[in-house]
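The following exercises concern the structure shown below. Each task is followed by a solution that proceeds step by step.

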Amino acid sequence: MAGIVVVFDFDKTIIDVDSDNWVVDGLGATEEFERLLPTMPWNTLMDTMMGELHASGKSLADVAGVLRSAPLDPRVVAAIKACYGLGCDLRILSDANRFFIDTILDHHGLTGYFSEINTNPSAVDAATGRLRIAPYHDFHAGPHGCGLGICPPNMCKGQVLDRIRASAGAAGKRVIYLGDGRGDYCPSLRLGRDDFMMPRRGFPVWELICEDPSLLHAEVHSWADGAEMEETLLRLVGRVLLEERNLPPLDCKLESLPAVAVQDGMPMTLRIKN
Ligand SMILES: [Mg+2]
């Protein structure tokens with residue numbers, strides 16, 4: 001296994017939309033969502049919306065059906081599979097919820113590629129079939145204590161990233177972090193000099209980073225769409241793999257990677273380009 005942990009945000013990173021908005025819009029509850037949005041935290045609102053949808057006759061199967069239609073760029077799927085094939089440890093760190101993420105990953109056959117999904121817990125009420133969404137961090141019991149002032153009350157992704165990096169499976173490994181949102185800024189500040197931050201260009205985390213790039217220790221490599229994410233991510237993974245073997249840089253010639261893999265006797269086949 002390579003010494004690389006790839007941490008993916010989910011909404012607008014793995015899938016190309018926000019799963020919460022996708023479900024609310026897809027089930028015709030946009031107006032209600034926008035009416036309630038100023039009155040409660042987003043995570044609480046999503047739990048409330050699941051109750052509203054259930055009360056209006058929308059079943060869990062209806063929610064799942066809408067989630068399965070969320071757009072996922074085939075190049076993102078290819079990037080995930082290639083990273084996994086190269087021995088990277090893939091994790092998700094998302095402010096969506098477990099049911100939404102599991103439903104989408106399962107639909108696309110991607111569940112087995114991730115060793116860990118860090119997100120807001122969800123549960124189906126056995127009696128009613130209504131989906132409950134809870135906060136990752138129970139902010140009713142007390143604040144998560146991040147002083148940055150950007151993280152939502154239910155999840156500080158920076159603290160979760162610290163926990164991931166301190167865990168037995170990830171200790172000492174280099175991190176590549178991909179995300180788009182304001183919540184992805186806190187973890188980007190906590191990455192080290194040997195890590196990589198991949199913000200989605202034109203999105204909130206990229207704009208925050210651009211305000212003062214010197215605040216980040218990690219190298220920053222932006223991306224705009226699935227194709228550029230795939231190309232950038234595999235280039236960085238290839239670079240780390242070469243550095244692990246003390247080989248000179250290949251001047252970004254991705255095509256050389258499979259030869260290196262074969263030379264090292266690694267049991268994999270990698271197709272970088274179609
Ligand atoms: Mg996101």
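**Exercise 1. State the strand order of the open sheet and identify its edges.**

Solution. Step 1: the open sheet has six strands in the order S3-S2-S1-S6-S7-S8, with parallel pairing; strands (E, at least two residues) and helices (H or I, at least four) are DSSP runs numbered from the N terminus, and two strands pair if DSSP finds at least two bridges between them. Step 2: strand S3 (114-120) and strand S8 (219-220) each have a single partner strand, so they stand at the edges and one side of each is left without a neighbour in the sheet. Step 3: within the sheet, strand S1 (residues 4-8) runs parallel to S2 and is joined to S2 by four bridges. Phe-8 stands opposite Ile-92 in S2.

This is a predicted model, in which local features need pLDDT of at least 70 and side-chain atom pairs count only at pLDDT 80 or more, while totals for chains, interfaces and linings use all residues. Residues are numbered from 1 along each chain as its sequence is written.

**Exercise 2. Determine which strands helices H7 and H10 touch or cross, and at what angles they run.**

Solution. Step 1: helix H7 (residues 157-166) packs on the sheet and touches S1, S2, S3 and strand S6 (174-179). Its direction makes about 155° with that of S2; axes are lines fitted to C-alpha atoms, for helices over the stretch in contact, and angles run from 0 to 180 degrees between N-to-C directions. Step 2: helix H10 (residues 226-244) lies across S1, S6 and strand S7 (196-199), at about 175° to S6.

**Exercise 3. Characterise the positions that UniProt lists under "binding site".**

Solution. Step 1: the unreviewed UniProt entry lists Asp-20 and Asp-95. These two are spread over 76 residues of sequence, yet cluster in space, with a largest C-alpha distance of 9.7 Å. UniProt positions follow the numbering used here, feature names are shortened, and annotations may be inferred rather than shown by experiment.

Step 2: Asp-20 is found in helix H1 (residues 19-26), and Asp-95 lies in strand S2 (residues 89-97).

Step 3: a residue is buried if 20 or more other C-beta atoms, placed from the backbone, lie within 10 Å of its own, exposed if 12 or fewer, and partly exposed in between. Asp-20 is buried because 20 other C-beta atoms lie within 10 Å, and Asp-95 counts as buried because 26 C-beta neighbours lie inside 10 Å.

Step 4: leaving aside residues up to four places away in sequence, Asp-20 touches Met-46 and Ala-96, where contact requires C-beta atoms, placed from the backbone, within 7 Å. With the neighbours within four places likewise set aside, Asp-95 is in contact with Asn-120, Pro-152, Met-155 and Gly-183.

**Exercise 4. Is Phe-100 buried or exposed, and which residues does Phe-100 touch?**

Solution. Step 1: Phe-100 lies in helix H6 (residues 98-107). Step 2: Phe-100 is buried because 28 other C-beta atoms lie within 10 Å. Step 3: beyond four places in sequence, Phe-100 touches Ser-19 and Leu-67.

**Exercise 5. Assess the model's confidence over the protein chain and over residues 255-274.**

Solution. Step 1: the mean pLDDT of the protein chain, the predictor's confidence in each residue from 0 to 100, is 91, and 91% of residues reach 70 or more. Step 2: over residues 255-274 pLDDT stays under 50, and the model has 20 contacts beyond four places in sequence for them. Step 3: where pLDDT is low, the predicted coordinates should not be read in detail.

Methods:
Two residues are in contact if their C-beta atoms, placed from the backbone, lie within 7 Å.
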